[in-house]
Each structure stands twice: as structure tokens, then as C-alpha cells.
Amino acid sequence: MTPKPSYRAKKSLGQHFLRDPSVVRRIIRRSNFETDAVVMEIGPGLGALTFPLAESVRHVIGIEKDSRLAETLKDRLAHKGVKNVTLFNEDVLKIDFREKARFSGGKIQVIGNLPFNISSPFLEKLIQSREVVSRAVLTFQAEVGRRLSADPGNKQYGALTVLVRYHARVSPLLEIPKEAFYPRPKVASMVVELDFTEPHGTRAGNEEAFKKVVKGAFAHRRKTLINSLRGAFPQWDPERTLTAIIKEGGIDPGTRAERMGIDDFIRLSEILESFFDKVPASC
């Protein structure tokens, strides 16, 4: 275990610095990046992952929101003569992945120890940028990692699970004890691989409708599917119309969203999409 960093972490940015070299080595090894890869690192901080990563791949694009950390890391990189790292002092939720992908001339891969408070919005942004991101190796709170890899019927299975796994194959790589970070977080972490080259085999005809249905179905987890969807689509007759189209899809209206697979949501979204065209606007 390396000494505690002299830099004081900013709670507002959710900063936790990885300081266990053995964990860093395991992350790099499990990430299995090819030597010719261009990898974007989210939140490089003081460079715990950046330096060994730069030794393993062709180019590293670092995105660091904290301006003081960015300057410190730039100085450290220059001092050690590391020339294949390009560092940007930017907010990862506001960057243009396509513009950054120009460094590879094609698709990039992503790695990062994400601030826990941006996990969901970052995943949404990553999905939107999947045309230029082939794979991501990300460290989340262990609870988020388990949620992403949960199967139907598991209480951790939810809208985030379905929407991410529709677009990428999810593979848990390793768990990290909270002692590996400074300051120590309250919970353990998990490194998860998202492979956007292997999305779910069946595709929805209208992905916006699919997304709406998934979010609506999980809006009230303790309620049945029919009751949860009533809130998402209040313009439909809850007793007749909505119930009828759910049954038409071969799905029990009394089931709960957590028991439905991705294909179930795809089928349901396609039926609801066609229903939009048939129902008067006043309904």
C-alpha cells in the first residue's frame, strides 16, 4: 500500500484515490488492452492508473475535472518523460467523445474510477457515444456493479440493468476493498467491463420507445407492470386498453418488471409503439 496522497480529496467531486499498487496491476491485467489501443481514462487523479496504463497502450487520453489535479499530473508526466498521454481539464459529462476519438482514428476504449455520484449519467452518455467507444472498464460502487450484472428475478435488477445490457455485454472483473482507496469510501467497489461490440442480439424497432417502456415499467418497483405503466402512459384507459396490449404481447399484466427479460421489454415496446399510431391524441 502506497502512502496517503498529499492532495486533499474534494468531497464535492466524489474523489477517492486508488493507492494500492497490487489492485492497479490487477485492473490493468484484467482490462486486457492491446498494445496499439487508444484508451480514455476518466478521472486520472494523481496518475495511479495513468502511468502503468501509458506503458501498456499506444496513447492515453486523460479527462480530469479538477484543475489542480490536472496541473499536478501534467507536471508529473513531464518529469517522468511520459509523452503518450494527452490530458484535458474537462468535465467528462460535457465532453464530446467523438471529438476525442480522433486521437485513435477510429474507436476508443475507456477506463476509469468513476466518482460514485456520476455513475448513472455517465453510463447514459457512454451509451449515446457507443459508435466511437468499443469497450469500457469502469470502477463503480459494488452495489452498482452487481446491479449491472443482475439477472431477472434478482432484486437488484432494474431499468439501468436492462438499458445497459441492451447495448453492451456486461462482465464483472474484480471487487476492490474500500481500504484500497484514500479517503476510504463507505463501501467496496467493483470493476466492470462493458463491451459495446457485443450488444443484446435482438434489437428494438424503436429504441426511444424501448427506453420509455423500460423506465416506465420500473418507475414503481413494488407495483405490478400494469400499475407501473399507468403512471408512464396516463392517456390510455388503464382497465381496458393498456391491459389488452400487454396481454397481446404474451406478458402477464400482473407480473413485475424485475421478472421480465430484455426480449420481453422489446416485445412490449413494439406493441406500445404501434398503439401510439392507432389511438387518438385525446385518449
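Where is Thr-255 found, relative to helix H10 and helix H11? I looked this up in the predicted model. Thr-255 sits in the loop between helix H10 (241-248) and helix H11 (262-278).

**Entry 1, Thr-255.** I checked whether this residue is buried or exposed. The relative accessible area of Thr-255 is 19%, and the cut-off for buried is under 20%, so Thr-255 counts as buried. I then listed its contacts, leaving aside neighbours within four places in sequence. Thr-255 is in contact with Thr-224, Leu-225 and Met-260.

**Entry 2, cavities.** I searched for cavities of 30 Å³ or more and the structure holds one. The largest cavity has about 40 Å³ of space. Its lining includes Arg-256, Ala-257 and Glu-258. I also noted Ala-217, Phe-218, His-220, Arg-221 and Lys-223 among the lining residues.

**Entry 3, nonpolar cores.** I looked up the largest nonpolar core and found 34 residues in it. The members that touch the most other members are Met-40, Phe-97, Val-110, Phe-122, Leu-126, Leu-138 and Leu-194. I went on to the elements that each supply at least two residues of this core. The strands are E2 (38-42), E3 (59-63), E5 (108-113), E6 (133-141) and E9 (189-195). The helices are H5 (119-128), H6 (142-148) and H7 (159-167). Another core, of 28 residues, lies apart from this one. I noted Leu-242, Ile-251, Ile-271 and Leu-272 among the members of that other core.

**Entry 4, Leu-138.** I took Leu-138 from the core list and pulled its contacts, not counting residues up to four places away in sequence. Leu-138 touches Val-110, Ile-111, Gly-112 and Leu-114, among others. The list also includes Phe-122, Leu-123 and Leu-126. Met-190, Val-191, Val-192 and Leu-194 are on it as well.

**Entry 5, strand E6.** How many of the nine residues of E6 are buried? I found eight, so E6 is largely enclosed by the rest of the structure. I then looked at its pairing. E5 and E6 pair in the parallel sense over six bridges, while E6 and E9 pair in the antiparallel sense over seven bridges. I used Val-137 in E6 as a reference point: Ile-111 stands opposite Val-137, and in E9 the bridge partner of Val-137 is Glu-193.

**Entry 6, the crossover.** I traced the chain from E5 through H5 to E6. This β-α-β crossover is right-handed.

Technical notes. Residues are numbered from 1 along each chain as its sequence is written. This is a predicted model: local features need pLDDT of at least 70, side-chain atom pairs count only at pLDDT 80 or more; totals for chains, interfaces and linings use all residues. Side-chain values use heavy atoms; hydrogens and water are left out. A nonpolar core is a set of buried Ala, Val, Leu, Ile, Met, Phe, Trp, Tyr and Cys residues joined through side-chain atoms within 4.5 Å. Buried means under 20% relative accessible area, exposed over 50%, partly exposed in between (1.4 Å probe, protein chains only). Helices (H or I, at least four residues) and strands (E, at least two) are DSSP runs, numbered from the N terminus. Contact means heavy atoms within 4.5 Å. Two strands pair if DSSP finds at least two bridges between them. A crossover is right-handed if, with the strands pointing away from the viewer, the path from the first strand over the helix to the second runs clockwise. On a 1 Å grid over the protein atoms alone, a cavity is a set of points where a 1.4 Å probe fits but cannot get out, and a pocket is an open set with protein on both sides within 12 Å along at least five of seven lines; lining residues have an atom within 4 Å of a point. Grid points are joined across faces, edges and corners, and a volume is the space filled by probe spheres set on the points.
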